[in-house]
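Student: I have a structure open and would like to learn how to read it. Where should I begin?

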Amino acid sequence: MSYFAIVITYIFISNLILAQFLGLCPFIGVSKNVESAVGMGFAVTFVMSIASLVTWALYHLILMPLGLAYLQTIVFILTIASLVQLVEMVVQKYSPVLYKALGIYLPLITTNCAVMGIALINIKSGYNVLESFTAGIAAGMGFLLAILLMSAIRVQMETERVPRFLKGAPIAFISGGLMAMAFMAFDNSLLNNLVG
């Protein structure tokens, strides 16, 4: 698969949130305003891209040669947790406002199954190191796109009349479901038309 095809696949066709339903906690929890959504999207993109690179190296250079591939889940979790701690320290130091806005959701990137998902997808798909890194960035950009669209919808819904029983999480889940249905229009025929 070409690098362009990987980018299109993980942003539109196999978007981790809207097609594979991974990472729904921050998708719903941090999408109440645009600034927090953008900050979370970039933080997740950074963690996904670096985690893809590091987990590929750990798997192919250490775990496989030593016959320890069965430890991949534990090793990947520790790697992702370490990267999230690094991001948390950087955001806290350089953007205290964003750090406060992200609140509990920033450390929860550790448990964001989308990050673990792309690391496992990279291994399962047999990507090389650059393809894994590209898939990590593309999956993060897909996450950013989905959470940014959701935050714009939720901001707009604040000014609209929504029935009382649908306010908050219920209308957010309905909107997310409609977004997922809209993204179903992106399928492999899009990729075939673009790549050939």
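**Reading the spans, the core and the surface**

Tutor: Begin with one stretch of chain in this predicted model. Residues 133-153 are 100% helix and 0% strand, and the end C-alpha atoms of the span lie 30 Å apart.

Student: Which annotation covers residues 133-153?

Tutor: An unreviewed UniProt entry marks them as "transmembrane region". That record gives the annotation to residues 6-30, 42-62, 68-90, 102-121 and 165-186 as well. An annotation of this kind may be inferred rather than shown by experiment. Take residues 68-90 for another reading: the chain there is 83% helix and 0% strand, with its end C-alpha atoms 33 Å apart.

Student: How do I read the largest nonpolar core, and which residues touch the most other members?

Tutor: A nonpolar core is a set of buried residues of certain types, joined through side-chain atoms within 4.5 Å. Here the largest one holds 47 residues, and Tyr-10, Phe-27 and Ile-109 touch the most other members. Two or more residues come from each of helix 1 (3-13), helix 2 (24-29), helix 3 (34-63), helix 4 (72-94), helix 6 (113-125), helix 7 (129-158) and helix 8 (169-183). Helix 3 gives the most, with 9 residues.

Student: What does Phe-27 touch, leaving out residues up to four places away in sequence?

Tutor: Phe-27 touches Ile-17, Leu-18, Ala-146, Ile-147, Met-150, Gly-176 and Met-179.

Student: Which residues make the nonpolar surface patch?

Tutor: Phe-46, Leu-86, Met-89, Val-90 and Tyr-94 make a patch of about 530 Å². Helix 4 gives the most to it, with 4 residues.

Student: Is Met-89 buried or exposed?

Tutor: The cut-off for exposed is over 50% relative accessible area. Met-89, in helix 4, counts as exposed because its relative accessibility is 54%. Compare Leu-24, which is found in helix 2. Leu-24 has a relative accessible area of 31%, so it is partly exposed.

Student: How do I read distance along the chain against distance in space?

Tutor: Take the two separately. Leu-24 and Ala-114 are 90 residues apart along the chain, while their C-alpha atoms are separated by 8.6 Å. Leu-22 and Leu-68 are 46 residues apart in sequence, and 27 Å apart in space from C-alpha to C-alpha.

Student: Where is Leu-22 found, and what is in contact with Leu-22 beyond its neighbours within four places in sequence?

Tutor: Leu-22 sits in the loop between helix 1 and helix 2. Its contacts, with those neighbours set aside, are Leu-16, Ile-17, Cys-113, Ala-114 and Gly-117.

Conventions
Residues are numbered from 1 along each chain as its sequence is written. This is a predicted model: local features need pLDDT of at least 70, side-chain atom pairs count only at pLDDT 80 or more; totals for chains, interfaces and linings use all residues. Side-chain values use heavy atoms; hydrogens and water are left out. Buried means under 20% relative accessible area, exposed over 50%, partly exposed in between (1.4 Å probe, protein chains only). Contact means heavy atoms within 4.5 Å. Patches are made of residues with over 30% relative accessible area and no salt bridge: like charges are joined within 9 Å, nonpolar side chains (Val, Leu, Ile, Met, Phe, Trp, Tyr) within 5 Å. Accessible areas come from the Shrake-Rupley method with a 1.4 Å probe; for residues, only the protein chains shown count as cover. A salt bridge is a side-chain nitrogen of Lys or Arg within 4 Å of a carboxyl oxygen of Asp or Glu.
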